[in-house]
Each structure stands twice: as C-alpha cells, then as structure tokens.
Protein chains: 2
Amino acid sequence: MIDYEELRIIRERRPASFEPPVKRYSIRWERSVDLAITAYYGAQAPTKEAVEQADFKQVMLAAFASDCGPASVEQGFFVDAAGQYNFVFVAYWLDPLRHERWEADSQLHAWWNDPIRLAGTIGLWREVLRVPIERMETLYAYPDYKVGIARCPPSTFTLTRNSGYFGAMRDRIPASAVDSLATAMAFPQPVKRHSAGTRWLVHVPKNLTVIRSGQYWAKCGGEQRTDYLVKMRPLLEKGTAHLGQYPEETGCLSMRLSRCVEAGGRERDESFNHAYFLSLAHLEEWSASHRTHLAIWRHAIEMMKAYGEKRELRTWHEVYVLPEGGQRFEYVNCHPRTGLLPYFEGSRLE
Amino acid sequence: MIDYEELRIIRERRPASFEPPVKRYSIRWERSVDLAITAYYGAQAPTKEAVEQADFKQVMLAAFASDCGPASVEQGFFVDAAGQYNFVFVAYWLDPLRHERWEADSQLHAWWNDPIRLAGTIGLWREVLRVPIERMETLYAYPDYKVGIARCPPSTFTLTRNSGYFGAMRDRIPASAVDSLATAMAFPQPVKRHSAGTRWLVHVPKNLTVIRSGQYWAKCGGEQRTDYLVKMRPLLEKGTAHLGQYPEETGCLSMRLSRCVEAGGRERDESFNHAYFLSLAHLEEWSASHRTHLAIWRHAIEMMKAYGEKRELRTWHEVYVLPEGGQRFEYVNCHPRTGLLPYFEGSRLE
C-alpha cells in the first residue's frame, strides 16, 4: 500500500501532542496487501431447526475447505427484525483473485445459482465486501486475541497512536489523509421488494460504511464475568437495538448482533455486531454523541481503570468505508427486511 | 477524484521547462467521475456468416438499448490468431452501479448464462474492465473527433502539458504520481485450456495494462488518404503483427486490430487496436525502443510537420492500468487462443 501519511492533505483529527491514555492496537500486514474480501454468507428461516435441516451449512463448510478457500472463517447466528433465525459465516480473504477463483470453482457456484434455491422456506444472502486496505481500520484493546481480519496471516498487532479521542477512527483509516470519505446521498427511503421466490442484487453507494465489532468474554471470571453479563451486555444490546430501530435518525441501515458458535455448533462466550451506516460521518456522529454509545464508552473506561492489564474482556472492531462499485449484496428468497434489501437501487435477477 | 498532483511523491518524467512541440488533448470530466467500465463483448466463429446468423448481435443491441445501457457503444470485427472471425462491441459506462444493474437486469443475463451457449460453433467472450479514473489516460491529436471514452458525456477535451517525450503516457496517469504501477510478475507461461464447450474465467493480475488506440481516416482526401492507406496503415499493421507474434519479447499478451462498422453493418473508414500488456513498463519499453513503433512515430511526426492543422487523419488512444481484482474476463465455448484465455489463473465455471 502507498504511504498515505506521506500524501496527507487533510489535517488529522488528533490533537497536537496528544498521547493515548491507554494502549490500543491495530493490525499491520507483514507482506504487501492491497485489498481484502470480507464475505458474509447467510441463511434464514422462521426457525433454527429449518436452517439446520437445510444443506446450507454443509455446502458452505465443504466449499470453505476446498481450493482457494478463505484465510479465516467464523460462524454465528442472530434473530432479525422480522423474527427470523439467521445463520451466518464471516469469511476473509486477503487475495481477491483467490476469492474470485473460489466463488467460481467450487461446487458452491452451481449450488448457489440453482433455481431450486428460490423455492421453500430457506432464504440465502451474501454480502461480499471488496475493501482496499487504505479504506479500512481495526482496533483491538489487547494484542493477545486474534479475531476478525486479524485471523488472516500474516497479521501482526502494532500500537496505534490514534486512539482515545473523537476522530481517532477516521485517523486510523489511511485514505482519510487525502479523502473526506463523505456521502452525497440523503438517507434513502426504504422500499418493500417482492423478494420471496426471487433473487435480488442491491447496488450500494460509494462510502457506505461497515462496522464489525466483537465482544469475547470467555476468559472473564468472577466479578468481571458478572460485570459483563449484568452491566455491559445490556448496554450493548440497548445501543444495538437503538440503531436497529431508528435508521433514519442514526444513518444505520442494518444492524445485526450475532452470537458466535464453534465449528461443532456449540455457543461461544463471544458475539459481534455487524452494521451498515450510510457514511463514516454517521457512524462518528452516533459514537460521539448518542447516549446509548456514551453509556457503553463510559462503562468501558471505568472497567479499564478498575482492572487495567488484568481486564479479561476482549473487545475489538473493524471499520470499512466501501469504494464505488464492486460490492455484491445478493438476497435469494429472503424476506423484504433482510440486510440492505429495503434500500438503494436493486436488480431482480430471476 | 483526488488531486494526485497535490499528492505527488514520484518525480514526473517530464523534463524541466519542457514545452510540447505540438498540441495534444486529453479528456476531462465536467462532473465527478470515479470509475469507468469499459466492456468488450465478442462473438467468434470460423466464418463471418456464422456470427451473423447467430443471435449475438440482436441480443446485444437490444440489451444496449435497455434501461441502464451504456453511455456509448462502438462495433467492429477482426480475424484472430486462430483464423476465426470475431465481432466485438465496445461499451462504456461512467457509472459502475448502472453497469451492474444493466448486466443483472437485462435479458442479457439469462441469455448469456444459458447452458445452450456452450454448444455449437459460436464462441462468446467478455472482457469487462473496471478502471478507476486515476489509473487511466487518454490522448487525442485533435479536439474535433470524439471516440472511445470521450463519447461518454460529460467529457471535454483539454490541452495536456504531458506529450511529446518518452514517459508522457505515464505522467498522464494521475496515480503515477504516487505509485510505480509496476508488476511483480514474470511473463506467464501460456497454457492450452480445454475451452470448447466450457465457460472459463481468467483472473488477471494487478497492473495489467490495456491500450485501445484508434485511427479514423474518413475525412482524409487526396494525398492524405493515399498516405494513410499506402504508408501509415502498413506500418501500423506491421507493429500490430509484431506484438501479436512475440508476446514474451514484448510483454504483449493479446493484440487485436479491429475494423469499425456502422450500426447498420457497413465498414467505416476507422479501425482500432486493443491490446493487453503485462505492465505499463512493457508498453513503454516497446513504444520507446522498438523499430516497428519508431517507424510509426517517425511517420506520424513527418505528416504532422507536412500538414499541421490541415492534417485530416485522427488518431487517439486510451490506456488503463488495472487495479487488483474486480475485472471479468470470461470465455464461453471459445478456442484456446482467445484473448487472455491462455494466460494466468483460470476457473472453469461449467
């Protein structure tokens, strides 16, 4: 990647001579990486059992294990705004050509495109994000738990100088040195597409912003576990719910809180939020000013002060500001409130 | 687009205080444009008649006329290295989301993906290039004939300060201010794929370089027409043939010289070369040093001196240096020497 710091023409948000109050880490790559593919593959149905009985999970797992499969895969589930159970794989590639080959080569291509997918009670969706490295930032509280894109070799943690102030997220995105990353678009009117029995593509605008933020409490014991489950998690759920309920107010088009599961299907003490905002500025505005996020922030600071290096909770996030074009948001036999299906221009494929 | 001149960290090739000896023009856009789609859609068969009798042309023309169709389309034909007749459409979009919608919405999607395309004597191919504006340059000798990407509104010609010296092509590509645009790849070994009756994707590497250069002699009369047909065209054909015959020596992976045709099918007094080079440096090296190109260059300079503003021939080119990923090179029931089918990683779709 080009050294954007050398190219900087937009002033950074970091106050002069600011020192981060606590250590925070970002991912760096030990070889040159230009572009990451982060792909969400999901299946939905009225019940968990219906998803389990379908062949989605076996097909995906076989495909992931095949040639050119992802560098990392995680699994989780959530119940969406329409009350449907969704199972989701999050798969990462650092080599876009391997991902292209994988989507083309594997049995998956034939299975995914089979017209039989349009019948029955199962909906399928994929949100395949193509993210230039300079339009991405990551933040990890401790360098001892790799998750998200950090699971792709050859990642390494480095201390970031950009944390602890409002605007640090933007400063951590290299392209922000030369690009305001703004959107020209007003919040789009949602539409109700006739999506059952059909296959839709949604065409998302430039600078759409994606956040995946995770919580890992498996190592929390005693009072830290109690604190997470009794105080922190309810605050997170409240923030998540607020974003899901007030899209136009917040600029948040879709919000999903997933519980992670093991390869074998057992629930992990881990969860992640996955949300789309109309722009980075919308995400910043919510983070900087909304009471639900401020409550999360304040509680996290308190815990940090109380436990310091002995803190057992691991939190992290990755944020992408998407470039124009090249993304794939596909919804197959899904209900009309799935993901970004209510928004933007769409194409009905069949 | 970001102002790359403001970001420059790589010295330009332009000699200090150099003034272009003759006026040359490039395209600028009167509104913000981020990315162009330049898409080549072709059909091949042993004879022209076989292509004419197939439904390719009607299907494509109907699709181009439909919603979200291209901003400009040109048509031509050529005979390829295997002796097959190829008819080709060159279509341009400045809005990648419109192109995505078009490929997805139109009847074309169903027709192109129908398994029946794998049978019979017709081969189909598409080479869909996604080009960030900062990885593109154009050069027109006179600002009175719009062709190529210049046919997309809202294009306008502006005088370029970067012409008339070796390295000017690179200097005209905005991203060259911050990026060497080099390839890490040695010239790839060609392979013979079993391509008849199958559908292949080819995955092209970063910084693959595309040139489309055109010649328009419809306005040439008298001695200028004679000069073009008797002297210039044979030189061009010799250069074209050399590139086609010595891929490894020149870095030129594919070279096609097409004759343009009217919408109604009549041949125009116009042609264009369309070539892929492993990198910009390969194209530069050939332009700067090979006798066949130097002969073209010298003859063009002579004619310029002789006729100046009265010159009637119109020549132009557009050069793209492709980013990593997001390109689509697809070959359906084609012979194994078609386009980039002999090169790079491939995926057999069916």
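The following exercises, with worked solutions, concern a predicted model with chains A and B.

**Exercise 1.** Determine how the size of chain A agrees with that of a compact globule.

*Solution.* Step 1: chain A has 350 residues, and a compact globule of that length would have a radius of gyration near 20 Å. Step 2: the radius of gyration of chain A is 20 Å, so the two agree. Step 3: the C-alpha trace spans about 60 × 50 × 40 Å along its principal axes. Step 4: of the 350 residues, 46% count as buried, a residue being buried if 20 or more other C-beta atoms lie within 10 Å of its own.

**Exercise 2.** Describe the side of chain A that touches chain B.

*Solution.* Step 1: contacts link 25 residues of chain A with 25 residues of chain B. Step 2: two or more residues each come from helix 1 (4-7), helix 4 (96-105), strand 8 (199-203) and strand 14 (345-348) of chain A. Step 3: helix 4 of chain A gives the most, with 6 residues. Step 4: by residue class, this side of chain A holds 10 nonpolar, 5 polar and 10 charged residues.

**Exercise 3.** Establish how the two copies are related.

*Solution.* Step 1: chain A is superposed on chain B by a rotation of 180 degrees with 0.0 Å of shift along its axis (RMSD 0.0 Å). Step 2: the two copies are therefore related as by a two-fold rotation axis. Step 3: among the residues of chain A, Leu7(A) comes closest to the rotation axis, its C-alpha lying at 2.5 Å. Step 4: because 100% of the interface residues of chain A are also interface residues in chain B, the copies meet through the same surface.

Methods
Residues numbered from 1 in each chain as written. Chains lettered and ligands numbered in written order. Predicted model: local features only at pLDDT ≥ 70, side-chain atom pairs only at ≥ 80, totals over all residues. Contact = placed C-beta atoms within 7 Å. Helix = DSSP H or I, 4+ residues; strand = E, 2+ residues; numbered from the N terminus. Nonpolar A, V, L, I, M, F, W, Y, C, P; charged D, E, K, R; others polar. Least-squares fit on C-alpha atoms with pLDDT ≥ 70 in both. Rg over C-alpha atoms; globule rule 2.2 N^0.38 Å. Buried ≥ 20, exposed ≤ 12 C-beta atoms within 10 Å, placed from the backbone.
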